[in-house]
Amino acid sequence: MNEQVSINGRALSGAEVAGLAVAYQVSPRPGEYWYDPRSGLYGALGGPAAGVMMPGHDFGPVARGASGGDTGVLVNGRELPAAEWTGWGGILGHSIPPGSWWLDAGGNLGADGCPLPVANVRASRSSSGDGFWSTRFGAGNYDPSSGADRIMSGFTAGT
């Protein structure tokens, strides 16, 4: 059984795994993952986004095919798979057309080459209530006043 944690095609050292365990208060499970350093989205290699981590970790760039996408919709260089693309459409109230898009850690979504966002995923998702979100891999609470997620747990996706 492989006990290695790999992100964006790079095996993490024991010190890096320990650092993640301290930062998120949970150890990452062995497996292969992708991570988008601009938005903080992550998932199991070959699968859709499974949760959100803090942005800015340096695990290298996310590959276009990291999540097995086939839609022609690229977000920060990663092609979305159909199920994730459909989910984004439900959050935004409309689908994202094929092309290249950027997504930042604040949830702002815009067309590559244009600095102005066309939508905010978090504002669309959290238009009412206290901003609590969860996936089977992590949970947190979005704070609209600061534009940040307070992550309760994360990076526990198993393969």
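Let me start with the outward side of helix α2, where Ala83, Thr86 and Gly90 are the exposed residues on the face turned away from the buried side. This is a predicted model, so please take everything I say about it in that light. The helix itself covers residues 82–92, and its buried residues are Glu84, Trp88, Gly89 and Leu92. If you look down the axis of α2, those buried residues fall within an arc of 145°, and they therefore line one face of the helix. Just after α2 comes Gly93, which has a positive phi, near 90°.

Let me turn now to the strands, beginning with β3. Strand β3, residues 31–35, is mostly covered, with four of its five residues buried. What joins strand β1 to β3, and in which direction do the two run? Three bridges link β1, which is residues 5–7, to β3, and the two strands run parallel; within that pairing, Ser6 stands opposite Glu32 of β3. Strand β3 is also joined by three bridges to β4, residues 41–44, but here the strands run antiparallel, and Trp34 is found opposite Gly43 in β4. The hairpin that β3 and β4 form has five residues between the strands, and in this hairpin Gly40 adopts a positive phi near 90°.

There is also an open sheet of five strands, which has mixed pairing and follows the order β7-β6-β8-β9-β10. Its edge strands are β7, at 78–79, and β10, at 119–120, each of which pairs on one side only. At the β10 end, two bridges connect β10 to strand β9, residues 108–111, and these two strands run antiparallel, with Asn108 standing opposite Asn120 in β10.

Finally, a word on confidence, which bears on how far we should press any of this. The protein chain averages a pLDDT of 83, and 76% of the residues score at least 70. Which elements of the protein chain have the lowest and the highest mean pLDDT? The lowest belongs to strand β13, residues 148–153, with a mean of 44, while the highest belongs to β7, with a mean of 98. Over residues 126–130 the pLDDT is below 50, and that stretch has four contacts in the model beyond near neighbours in sequence. Over residues 132–139 the pLDDT is likewise below 50, although this stretch has 30 contacts in the model beyond near neighbours in sequence. Where pLDDT is low, the predicted coordinates should not be read in detail.

Definitions and conventions:
Residues are numbered from 1 along each chain as its sequence is written. This is a predicted model: local features need pLDDT of at least 70, side-chain atom pairs count only at pLDDT 80 or more; totals for chains, interfaces and linings use all residues. Side-chain values use heavy atoms; hydrogens and water are left out. Two strands pair if DSSP finds at least two bridges between them. Buried means under 20% relative accessible area, exposed over 50%, partly exposed in between (1.4 Å probe, protein chains only). pLDDT is the predictor's confidence in each residue, from 0 to 100. Contact means heavy atoms within 4.5 Å. The arc is that of the directions from the helix axis to the C-beta atoms.
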